[in-house]
Amino acid sequence: MEVRHSRPVRVLVIDDSALVRKLMTGLLSSDPRIEVVGSAADPFIARQKIKQLAPDVLTLDVEMPRMDGLTFLQNLMRLRPMPVVMVSSLTERGAQVTLDALALGAVDFVAKPRIDVARGLAGHAELLCAKVRDAAGAQVNRLVPGHTPAPRPGPIGYRTTDRLFAIGASTGGTEAIRLVLAGMPADAPATVIAQHIPAAFSGPFAQRLDRHSRMTVREASDGEQLLAGHAYVAPGGRHLRVRRSGARWYCELGDDDAVRGHRPSVDVLFESVARHAGANASAALLTGMGDDGARGLLALREAGAATLAQDRASSVIWGMPGAAVALGAAQRQVPLEQVAEALLEVPARESVVR
């Protein structure tokens, strides 16, 4: 679900590399729905140009001279919140810094390779333009100290292992998923997660979730058994499916084709959960651009699962959950801060072996 604008989206490109500024300007300007109003080599120049040019969206390099990108972003979100798309390197450090930026309020990010940046960025021109266009319609909230909910203080007494939770997200999802898992108890049902994210970023993302959750969170491995109290993140660039053998569920990773441009695909995950868990599952489709997960959530509802969509007011981008609501796939629309509670309140059912 793409946000429509009556005029071109005005973008300011911030990067210390003259080559990258030129490349980004050219790629973005090739889209008639985008107008690059200027560029800046560092945050100090950017600060003045923001005042002069009033852009709708910034693209911001993580590594910047004189003031690093994170410090600039933190100041920006405190003083003048606006949509920011980070430009990050495909490295472990790039992943960590990008996740920090998303936690500070950046809407999305574009990854660039360390070698042959020109070809790497050009190869993702369509995605870059789509992310900038959607960022213009994103809801950017001011930083609220202490916004992260405290994890529940102890177990809630699940006495069966026949429940399975599934969560899908895209734009804005790294923080949304973190907040949902922060509200889960240590003995919550096994949880499988599909977030649109590059391969280099999914491992650090799982580690970050693990630090903020009472559950054990890790990147999913092929063939591992799903256990209560554990959450499994689909590796970037691979599909995650759930399969059942007897009374147990297992992770199944696949390198088959992307589905409508996505691997991992939320639809692929949700459809496997519908097939192998059915009425024993509860699922939540969170913030994200596009419609991935909407059909899968409908399959889950038709299989008897409890289905939730994040509501518009709390979504950074109400594309994926909005598409699910339009399909009639979501039984309930829930604010982000209530998603964990809504998943947990569904009573455990007797195990159904298919």
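**Notes on the predicted model**

1. Q96 comes out as partly exposed, with a relative accessible area of 21%; the cut-off for buried is under 20%, so Q96 misses that label. Bear in mind that this is a predicted model. Q96 lies in helix α4, and its C-alpha is separated by 6.5 Å from that of P204, a residue 108 places away along the chain. Setting aside neighbours within four places in sequence, Q96 touches P204, Q207, R208 and R211. Helix α8 covers residues 199–211, so a look at α4 leads straight on to that helix; the cut-off for those contacts is heavy atoms within 4.5 Å.

2. For the overall picture, the protein has 12 helices and 14 strands. Of its 354 residues, 55% count as buried. If you take the contacts with a separation of 6 or more, 74% of them are between residues 24 or more positions apart.

3. Now the nonpolar cores. The largest one has 56 residues, and L181 and M184 have the most contacts inside it. Helix α4 (residues 92–104) gives this core its largest share, six residues. Another core lies apart from it, with 33 residues, including V192, V266, L269 and A274.

4. L181 also turns up in a polar contact: the side chain of S213 reaches the backbone oxygen of L181 at 3.3 Å. S213 is in the loop between α8 and β8 (216–219). Despite the loop setting, S213 is buried, at 11% relative accessible area.

5. How many aromatic pairs are there? The count is one. F109 and F201 have ring centres 5.0 Å apart and planes at 20°, so they are stacked. The two come from distant parts of the chain, 92 residues apart, with F109 in strand β5 (residues 108–112) and F201 in helix α8. Both partners are buried: F109 has a relative accessibility of 6%, and F201 has a relative accessible area of 0%.

6. F109 has a charged partner as well. The charged end of K131 sits over the F109 ring, 5.1 Å from its centre. K131 is itself one of the buried residues of α6, so on the under 20% cut-off this lysine goes in the buried class along with F109.

7. Helix α6 (residues 125–136) deserves a look in its own right. Its 12 residues reach 17 Å from the first C-alpha to the last, close to the 16 Å expected at 1.5 Å a residue. Is this helix largely enclosed or largely open? Nine of the 12 residues are buried, so α6 is largely enclosed by the rest of the structure. The buried set takes in A125, L128, C129, A130, V132 and A135, and also the charged K131, R133 and D134.

8. Next door to F109 in sequence is D108, also in strand β5. D108 counts as buried at 7% relative accessibility. What does the side chain of D108 make a polar contact with? Its partner is the side chain of T171, at 3.5 Å. Beyond neighbours within four places in sequence, D108 is in contact with V84, V85, M86, L102, K131 and T171. K131 is thus shared: it contacts D108 and has its charged end over the ring of F109.

9. A few backbone spots to check by eye. R263 and P264 are joined by a cis peptide bond, with omega about 10°. P264 is in the loop between β11 (248–254) and α9 (266–276). That loop also holds R260, which has a positive phi of about 50° although it is not a glycine. R260 is partly exposed, with a relative accessible area of 47%.

10. Another non-glycine residue with positive phi is A54, where the value is near 45°. A54 is in the loop between α2 (43–53) and β3 (57–61). Like R260, which stands at 47%, A54 is partly exposed, with a relative accessible area of 40%.

Definitions and conventions:
Residues are numbered from 1 along each chain as its sequence is written. This is a predicted model: local features need pLDDT of at least 70, side-chain atom pairs count only at pLDDT 80 or more; totals for chains, interfaces and linings use all residues. Side-chain values use heavy atoms; hydrogens and water are left out. A nonpolar core is a set of buried Ala, Val, Leu, Ile, Met, Phe, Trp, Tyr and Cys residues joined through side-chain atoms within 4.5 Å. Buried means under 20% relative accessible area, exposed over 50%, partly exposed in between (1.4 Å probe, protein chains only). Helices (H or I, at least four residues) and strands (E, at least two) are DSSP runs, numbered from the N terminus. The expected span of a helix is 1.5 Å times one less than its number of residues. Rings of Phe, Tyr and Trp (its six-membered ring) pair if their centres lie within 6.5 Å; planes under 30 degrees apart count as stacked, over 60 as edge-to-face and the rest as tilted. A charge sits over a ring if NZ of Lys or CZ of Arg is within 6 Å of the ring centre and within 35 degrees of the ring normal. A polar contact is a pair of N or O atoms within 3.5 Å; within protein, one must be able to donate a hydrogen and the other to accept it, and residues adjacent in sequence count only if both atoms are side-chain atoms.
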